[in-house]
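Subject: A structure for you to look at

Dear colleague,

I am passing on the structure below, and I would be glad if you kept it open beside this message while you read. My notes on what was found in it follow directly after.

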Amino acid sequence: MKRTKLKWQSASAYFFILPSFLLLLMFHVIPIFMTAGYSFTDYNVLQAPEFVGLSNYKDILKDPYIVSSLINTGIYTIIVVPIQTILSLVIAYILARLFRNRFGNLVRSAMFIPVITSMVLTAAVWRLLLSGNPEGVINSIAGVFGIDSVNWLGNRWTALFSVCVIAIWKNVGYFLVIFYAGMMDIPTSLYEAARVDGAGNMRQFFSITLPMLKPITYLVVTLGTIWSFQVFDLVYTLTGGGPGRATTTLVLTIYNSAFKNYQMGYASAVSMLLLAVVLVISFLQKVVFREKD
C-alpha cells in the first residue's frame with residue numbers, strides 16, 4: 001500500500017511538471033536543433049531550404065560585419081557586467097548592513113522600478129534625454145556647468161558608452177535584490193563574532209560577506225554575461241545599431257540577416273556562433289569560480 005502511494009506521488013509530480021517541460025521543449029530545445037539544421041541551408045522563407053553544407057559558416061569567417069558586431073558585443077559585456085555586479089553588490093551591502101528599515105525598503109523598491117519597465121519604453125525615454133540638441137535634458141544640465149553639448153547617440157565614441165550606462169541603470173536593481181536576499185541568509189553571529197575580534201565594516205565585507213556570496217556572485221555574473229550577449233531591444237530602439245555600425249551587436253546582426261535580408265540560413269549560422277560563444281564563456285566562468293572555491 002505504501003509502495004503504491006509512493007508511485008502515485010511520483011506520477012503526480014511528473015504530471016505537474018509536464019506543462020512546463022512541454023513549453024521548454026517546444027520553445028527552447030526544439031528551436032535550437034531547428035536553428036542548427038537551418039544553419040546548413042540556404043533559406044529565404046519563401047522557398048524550401050536548400051542544403052549548402054558549411055557555406056554559411058565560411059561566409060561568417062569572411063564577413064567583416066560579424067567581427068565588428070562581435071567586438072561591440074564584447075566591449076558592451078566587458079563594461080556592463082563588472083560595473084553592474086560591483087554596484088549591485090555594494091548597494092545591497094549598504095542597505096543590508098546600515099539601512100534595514102523603511103528607508104532601505106524604499107530605496108530597494110525605487111531601484112527595482114527600472115527592472116519592471118519595458119525595455120522599449122526605457123530606450124525611448126533615454127533617447128529623449130540623450131538628445132544631441134542643446135535643448136536636450138542631459139545637454140541642458142551639462143550646459144549649466146559650462147560643458148558643450150554632446151551628440152550622445154550620434155557619435156560613434158559615445159553611442160556604445162551611452163547604451164552601456166542605460167543597461168547598467170536598468171539591471172542594477174534586479175541583481176541588487178538577489179545580492180540582498182543572499183546577505184539576509186548570512187548568519188548575524190558571524191558579524192557579531194567579527195566585531196568582538198575588532199574587525200571593522202570593510203574587514204567584515206571582505207572576510208565574511210564576499211566569501212559567503214560566491215555562489216550568488218557566480219549566478220549574477222553568469223546571468224549578466226548571457227543577457228549582455230543577447231542585448232537587442234535596447235540597441236534596436238535606441239540607436240538601431242548606429243551610427244554606422246558602432247552599436248551593432250551579434251543579435252542585431254542576426255535580426256538584420258533574418259528579417260531584413262531574408263537570409264535565414266546565414267542568420268541561423270550566426271545564432272549557432274552566438275550559442276557557442278556563450279557556452280564557452282559560461283564554462284570559463286564556472287572554471288574560474290570553482291578554482292576560487
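In this predicted model, the axes of helix 5 (residues 119-129) and helix 7 come within 11 Å and cross at roughly 135 degrees. Because an angle over 145 degrees would be needed to count as roughly antiparallel, helix 5 is described as oblique to helix 7, and the crossing of these two helices is right-handed.

A second pair can be read in the same careful way. The axes of helix 8 (residues 188-196) and helix 9 (residues 201-212) come within 10 Å, with a crossing angle of roughly 160 degrees, which means that helix 8 is roughly antiparallel to helix 9. The crossing of helix 8 and helix 9 is right-handed.

Helix 7 deserves a further look. At its start, a side-chain oxygen of Asn-155 reaches to within 2.7 Å of the backbone nitrogen of Trp-157, and further along there is a kink of about 35 degrees, centred on Asn-171. Helix 7 has 29 residues (residues 156-184), so at 1.5 Å a residue it should span 42 Å, and this agrees with the 43 Å that separates its end C-alpha atoms.

As for confidence, the mean pLDDT of the protein is 88, and 96% of its residues reach 70 or more. Among the elements, strand 1 (residues 41-42) has the highest mean pLDDT, at 94, whereas helix 1 (residues 2-38) has the lowest, at 83. Where pLDDT is low, the predicted coordinates should not be read in detail.

With best wishes

Note on methods: Residues numbered from 1 in each chain as written. Predicted model: local features only at pLDDT ≥ 70, side-chain atom pairs only at ≥ 80, totals over all residues. Heavy atoms only, no water. Helix = DSSP H or I, 4+ residues; strand = E, 2+ residues; numbered from the N terminus. Expected span 1.5 Å × (residues − 1). Bend = angle between axes of the 7 residues up to and from the residue. Polar contact = N/O pair within 3.5 Å; in protein donor to acceptor, adjacent residues only side chain to side chain. pLDDT = per-residue confidence, 0-100. Axes fitted to C-alpha atoms, helices over the stretch in contact; angles between N-to-C directions. Parallel < 35°, antiparallel > 145°, perpendicular 65-115°, else oblique. Left-handed = near helix turned anticlockwise from the far one by under 90°.
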